[in-house]
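I am opening a notebook on a structure that is new to me, and I want to set down what I looked up in the order in which I looked.

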Amino acid sequence: MLFIGCDVGGTNIRSAVIDERGRILGEAKMRALMEKGAKVVLGQIVDSFREAISRAKAKREDIRAVGIAMAGQHDSKAGVCIFSPNFGWENVPVITTLQEEFPIPMFLGNDVNLATLGEWRYGAGKGYKWVVMITLGTGIGGGAVLDGKLMLGTTEMFAEVGHMTILPDGPRCGCGNHGCWEALAGRDGIVRRAVLKLQEGRESSLSQVVNYNWRNLTPEIIANEANKGDEVAKEIIEETGYWVGIGVANLINIFNPEVFIIGGRIALAGELLFSAIERTVKARGLAASWGPCKIVPAALGDDAGVMGAVAFARERLGEEL
């Protein structure tokens, strides 16, 4: 029996045919044409299903169900995207529209929640009952499996952790608040701190890499230079670890997990970042909470969304995984 997992982001759509053992048999990836509106993007999603089935050398009749991981707030029972600010979508009937072209069981969930489910079922959280996960990227998303159950919340807005206030008079966040966690430790916050340091005239290889064009600076570039030994870049990554660590300490104190998983592209900065996170957690968290908790990088990488989407579909069908 086969399933399709689909991960829909603001940049790309990725679908994968996955078997009952969690093996990816074929996949399709394409740029999401968000600027053309929901109808076009939903058509692309169906196209990605067909392409993934073809590459898996399977037939549509072989597909038991589809799970879709998508950024935003959703009503998963109705299959409706309530609001996705990155997409500009509001009250879009995702599932009923897709089923007009692809009439099989489909299930829709928030991307980070389903990535958390994927890491729990198949990745860094496998074997644990109390798991918290965050993704570090443009923003900061969160998810949690508590006592073996994925948490969604009353309005399926559970673990919007990026909008915890960490510094009340801090930088303005995209949500309108000041001092949100993602305003300090998300992509834009990291780059903003780097630019301020470089504009002070501090010597750094970062300036040469981007030829003083600060708009080309990214967390990935900063991490690469930090790992090569650039002092300014190292300082930025360690500061990022400090801000991430404050939020992680808060969440460990609240949820008391066995394992805390950190994913997303910024987490690829590696040991320098994780060491700073762990130091901050130990300095600010409760030892009874952080002592038994492992802080680990995500294991599935870009596969977490599609794997979690399939796990979500199978759970909604009442299957044992």
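Before the entries, I note one term: helices, of at least four residues, and strands, of at least two, are DSSP runs that are numbered from the N terminus. I also keep in mind that this is a predicted model.

**Entry: the second largest pocket**

I began with the second largest pocket, and I found that its volume is about 170 Å³. Which elements supply at least two residues each to its lining? I looked these up and found helix 3 (111-122), strand 11 (149-150) and helix 11 (303-316). Helix 11 gives the most to this lining, with 3 residues. Residue by residue, I listed the lining as Trp120, Arg121, Gly148, Lys149, Leu150, Leu152, Phe312, Glu315 and Arg316. When I sorted this lining by class, I got 4 nonpolar, 1 polar and 4 charged residues.

**Entry: the largest cavity**

I then turned to enclosed space, and I found that the structure holds 1 cavity of 30 Å³ or more. The space in the largest cavity comes to about 30 Å³. Its lining, as I wrote it down, consists of Val132, Met133, Ile134, Gly142, Gly143, Ala144, Ala159, Val161, Leu251 and Phe255. Strand 9 (131-136), strand 10 (140-146) and helix 8 are the elements that give two or more residues to this lining. How does the lining of the largest cavity divide by class? I noted 8 nonpolar and 2 polar residues, with no charged residues.

**Entry: helix 7 and what covers it**

Next I looked up helix 7, which takes in residues 219-227, and I found that its buried residues are Pro219, Ile221, Ile222, Ala223, Glu225 and Ala226. What covers these buried residues includes helix 5 (187-199), helix 6 (205-209), helix 8 (231-255) and helix 9 (271-284). Just after helix 7, I marked Gly229, which takes a positive phi of about 110 degrees.

I followed the pairing with helix 8 further, and I noted that helix 7 and helix 8 pack at an angle of about 120 degrees, with their axes 7 Å apart. Is the crossing of helix 7 past helix 8 left-handed or right-handed? I recorded this crossing as left-handed. On the side of helix 7 the contact is made by Ile222, Ala223, Glu225 and Ala226, and on the side of helix 8 by Ala233, Lys234, Ile236 and Ile237. By class, I counted the residues of this contact as 6 nonpolar, no polar and 2 charged.

**Entry: two single residues**

I went on to Gly123, which I found in the loop between helix 3 and strand 9. Why does Gly123 count as buried? The reason I wrote down is that its relative accessible area is 16%, because buried means under 20%. Leaving aside neighbours within four places in sequence, Gly123 is in contact with Gly118, Ala299 and Leu300. I also looked up the separation of Gly123 from Leu317, and these residues are 194 residues apart in sequence and 22 Å apart in space, C-alpha to C-alpha.

My last residue was Thr135, whose place is in strand 9. Thr135 has a relative accessibility of 18% and therefore counts as buried. Not counting residues up to four places away in sequence, I found that Thr135 touches Val112, Ile140, Gly141, Gly263 and Gly264.

How values were computed
Residues are numbered from 1 along each chain as its sequence is written. This is a predicted model: local features need pLDDT of at least 70, side-chain atom pairs count only at pLDDT 80 or more; totals for chains, interfaces and linings use all residues. Side-chain values use heavy atoms; hydrogens and water are left out. On a 1 Å grid over the protein atoms alone, a cavity is a set of points where a 1.4 Å probe fits but cannot get out, and a pocket is an open set with protein on both sides within 12 Å along at least five of seven lines; lining residues have an atom within 4 Å of a point. Grid points are joined across faces, edges and corners, and a volume is the space filled by probe spheres set on the points. Ala, Val, Leu, Ile, Met, Phe, Trp, Tyr, Cys and Pro count as nonpolar, Asp, Glu, Lys and Arg as charged, and the others, Gly among them, as polar. Buried means under 20% relative accessible area, exposed over 50%, partly exposed in between (1.4 Å probe, protein chains only). Contact means heavy atoms within 4.5 Å. Axes are lines fitted to C-alpha atoms, for helices over the stretch in contact, and angles run from 0 to 180 degrees between N-to-C directions. A crossing is left-handed if the near helix is turned anticlockwise from the far one by less than a right angle, and right-handed if clockwise.
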